[in-house]
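Work through the exercises below with the coordinates open. Try each task before reading its solution.

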Amino acid sequence: MRYRSAMLSQTPTIQSPCKLICEMDLTSALCKGCGRTREEIATWSRMTPAKRAFIMTELEDRMAELDK
């Protein structure tokens, strides 16, 4: 049990764009809260940091499209 606690405390925090507004836009298939696709949401914690960073750079534009 002590080993598991030590492992968890060393786990890096993964940055997430989630705003806890989890509603999918049916036209664009993007989350209205964060701008990610269902697949991106589902696989976020398993993506490489580089892949997550790339998606983060796209989210502002995606959210702007949702607001149109």
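Three exercises on this predicted model follow.

**Exercise 1. Overall make-up**

Task: State how many helices and strands the protein has, and what share of its residues is buried.

Solution:
- Count the elements: the protein has 3 helices and 0 strands.
- Read them from the N terminus: the order is α-α-α.
- Turn to burial: of the 68 residues, 24% are buried.
- Take the surface: about 5,600 Å² is exposed, and carbon and sulfur atoms supply 57% of it.
- Check the contacts: among those between residues at least 6 apart in sequence, 39% join residues at least 24 apart.

**Exercise 2. Cys18 and Cys22**

Task: Find how many disulfides the structure holds, and explain the status of Cys18.

Solution:
- Search the whole structure: the result is 0 disulfides.
- Locate the cysteine sulfur closest to that of Cys18: it belongs to Cys22, at 4.5 Å.
- Apply the cut-off: a disulfide needs sulfur atoms within 2.5 Å. The Cys18 sulfur is therefore too far from that of Cys22 for a bond.
- Compare accessibility: Cys18 has 35% and counts as partly exposed, whereas Cys22 has 66% and is exposed.

**Exercise 3. Thr13**

Task: Place Thr13 in the fold and decide whether Thr13 is buried or exposed.

Solution:
- Find the segment: Thr13 lies in the loop between helix 1 (2–9) and helix 2 (38–43).
- Use the threshold: exposed means over 50% relative accessible area. Thr13 has 80% relative accessibility, so Thr13 counts as exposed.
- Take a distance: the C-alpha atoms of Thr13 and Ser45 are 9.8 Å apart, with the two residues separated by 32 residues along the chain.

Terms used
Residues are numbered from 1 along each chain as its sequence is written. This is a predicted model: local features need pLDDT of at least 70, side-chain atom pairs count only at pLDDT 80 or more; totals for chains, interfaces and linings use all residues. Side-chain values use heavy atoms; hydrogens and water are left out. Helices (H or I, at least four residues) and strands (E, at least two) are DSSP runs, numbered from the N terminus. Buried means under 20% relative accessible area, exposed over 50%, partly exposed in between (1.4 Å probe, protein chains only). Contact means heavy atoms within 4.5 Å. Accessible areas come from the Shrake-Rupley method with a 1.4 Å probe; for residues, only the protein chains shown count as cover.
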